[in-house]
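Here's a walk through one model, written for someone who would rather look at the structure than read a spreadsheet. Keep the viewer open as you go.

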Amino acid sequence: MFPQHIIARKRDGHALNRDEIAAFVHGATDGSWADYQLSAMLMAIFLRGMTPQETAHYTEAMMNSGIVADLSSVKLPKADKHSTGGVGDKVSLHLAPMVAACGVAVPMISGRGLGHTGGTLDKLESIPGFRVGLSLAEYRAELEQIGVSLIGQTAELAPADKKLYALRDVTGTVECIPLICGSILSKKLAEGIDVLVLDVKFGRGAFMKDRTKARELAQALVAVATAMGKPTRAVLTAMEEPLGRAVGNALEVAESIDCLKGRGPVDTMEVTYALGEQMLLLTKTATTTAEARARLEASVASGAAAAKFRELIAAQGGDVCVVDEPARLPQARFKVPLASPRAGLITDVDAMGVALAALRLGAGRAKAEDRVDHAVGVSALVKMGERIAPGAPMCVIHANDESALAAAQAMLAQAITVGDAALVAPKLIDEVIGV
Ligand code: URA
């Protein structure tokens, strides 16, 4: 099978068979297809699409391009959660120990932040000493011992995705549902999980801006993963304003610790419980949503979830004391409140505007090789619908250099609107797909 013949068949709108798709994915993994052939194929798929059957073959080939972790030695049911990414989305950090405290193992392999969205690994690395670069053997041992592990992508898992994602990024072929399905699911299904819960976000701060498109993606992800034998549900959630009140790595870890201690922001806990409920239901650890919710709430109230987070930090070499003394997390040189220009109601907090201000402060990466500053970002952020007095703080800016601080002040003043009109807050949990 010559690459040019397979590319031409897709170019002409034919559905490819399993062998043709496998040849393309092998070509990406072993370098036998040139970058220009891989790129041409990606564009042909982008323009012509893939049938559900092709998408399933593609996802399977991507997953099998590397190792599929064998977690049969972990006796608990195994569930993971994946988010398509948002602003202030720190849910994985506290959800994983909460669910593990309810008797479900959580093998979670996460990514780094790129562009306007943060990454779980960067957040975890703001805990002094925390190691995300565990081997698969260490990952398995940690799951056997404490039922949770949060690590970074290893070279053995879905290597074809690394190659193809880098090409998609520079060839205008990222926003393509079959390619996104193959990319996300190949990595998640290689983790060794039994079930998967997806948080598919839509809105200004999300990767998919449009709800209809996000819903289409959620349906495709659920259909492909379920067909591959992994019961999967997706929760469609709104991402118009940042989740919670903190954006920035260490600041988000501190907010996650608040969530574990029962004082997390209402919106963050709403999303956390919605996802956790589905993890308990799919693993049959609870039989009703109410029972699942009660178990998750009890894990917080009893201190079991916070204790599990301490175990996780200790197992991965981090400073456990941060759970009780968050001031041990990296601190910025400047902590400056941003005053409200007038009295009124917070009528808008633009997630993208806040994310770009955090990026300017150094909390994220514009390019993959950039270093992140763990200390900087925004805390005590107001939420839409709240009333504010003139001069009262709309947020606190954490900065390490004065010019970034000045730029972030201007950007945040644009992103947050104080008005008079009462507004209907967007519904945060929009729909559960796959029930
Ligand atoms: N996230 C991924 O991992 N892959 C995609 O294709 C899009 C988002």
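Is L76 buried, partly exposed or exposed? L76 has a relative accessibility of 36%, so L76 counts as partly exposed. Keep in mind that this is a predicted model.

To find L76, go to the loop between α4 (52–63) and β1. Leaving aside residues up to four places away in sequence, L76 touches G103, A105 and D194. T283 is also worth picking out: L76 and T283 sit 207 residues apart in sequence, yet their C-alpha atoms are 9.5 Å apart in space.

**The whole chain**

Zooming out, the protein chain has 16 helices and 12 strands. Its radius of gyration is 22 Å, close to the 22 Å that the globule rule gives for 435 residues, so the chain is as compact as a globular protein of that length. Along the principal axes, the C-alpha trace spans about 70 × 45 × 40 Å. Of the 435 residues, 56% count as buried. Contacts across the sequence are well represented too: among contacts with a separation of 6 or more, 78% are between residues 24 or more positions apart.

**A three-stranded sheet**

Now turn to the open sheet of 3 strands, which has the order β9-β7-β11 and antiparallel pairing. Its edge strands are β9 (387–388) and β11 (416–419), each pairing on one side only. Strand β7 (residues 344–349) pairs with β9 in the antiparallel sense over 2 bridges. To see the register, look at G344, which stands opposite I388 in β9. Helix α16 (residues 402–415) lies across β7 and β11, and runs at about 45° to β11.

**Salt bridges**

Side chains of opposite charge can pair when their charged atoms come close. In this model the count comes to 32 salt bridges. Here are three of them, with the closest N-to-O distance for each.

| Acidic residue | Basic residue | N to O distance |
|---|---|---|
| D80 | K188 | 2.6 Å |
| E431 | R215 | 2.8 Å |
| E311 | K308 | 3.6 Å |

Start with the salt bridge between D80 and K188. D80 lies in strand β1 (residues 79–83) and K188 in helix α9 (residues 177–189), so this pair ties together parts that are 108 residues apart in sequence. Both D80 and K188 are buried.

Next comes the salt bridge between E431 and R215. This pair also links distant parts of the chain, with E431 in strand β12 (residues 429–433) and R215 in helix α10 (residues 211–227), 216 residues apart. How accessible are the two partners? E431 counts as partly exposed at 22% relative accessibility, and R215 counts as partly exposed at 27%.

The salt bridge between E311 and K308 is a local affair. E311 and K308 are 3 residues apart in helix α14 (residues 304–315), so about one helical turn separates them. Their burial is split: E311 is partly exposed, with a relative accessible area of 34%, while K308 counts as buried at 13% relative accessibility.

There is also a network of salt bridges to look for, linking R112, D122, E125 and R365.

**The cysteines**

How many disulfides does a search of the whole structure find? The search finds 0 disulfides. C102, for one, is in no disulfide, and the nearest cysteine sulfur, that of C259, is 15 Å away. C102 is buried, with a relative accessible area of 7%.

Why is C395 without a bond to C259? The sulfur of C395 is 19 Å from the closest cysteine sulfur, in C259, and that is too far for a bond; the cut-off for a disulfide is 2.5 Å between sulfur atoms. C395 is buried as well, with a relative accessible area of 0%.

Technical notes
Residues are numbered from 1 along each chain as its sequence is written. This is a predicted model: local features need pLDDT of at least 70, side-chain atom pairs count only at pLDDT 80 or more; totals for chains, interfaces and linings use all residues. Side-chain values use heavy atoms; hydrogens and water are left out. Two strands pair if DSSP finds at least two bridges between them. Helices (H or I, at least four residues) and strands (E, at least two) are DSSP runs, numbered from the N terminus. Contact means heavy atoms within 4.5 Å. Axes are lines fitted to C-alpha atoms, for helices over the stretch in contact, and angles run from 0 to 180 degrees between N-to-C directions. Buried means under 20% relative accessible area, exposed over 50%, partly exposed in between (1.4 Å probe, protein chains only). A salt bridge is a side-chain nitrogen of Lys or Arg within 4 Å of a carboxyl oxygen of Asp or Glu. The radius of gyration is taken over C-alpha atoms; the globule rule is 2.2 Å times the number of residues to the power 0.38.
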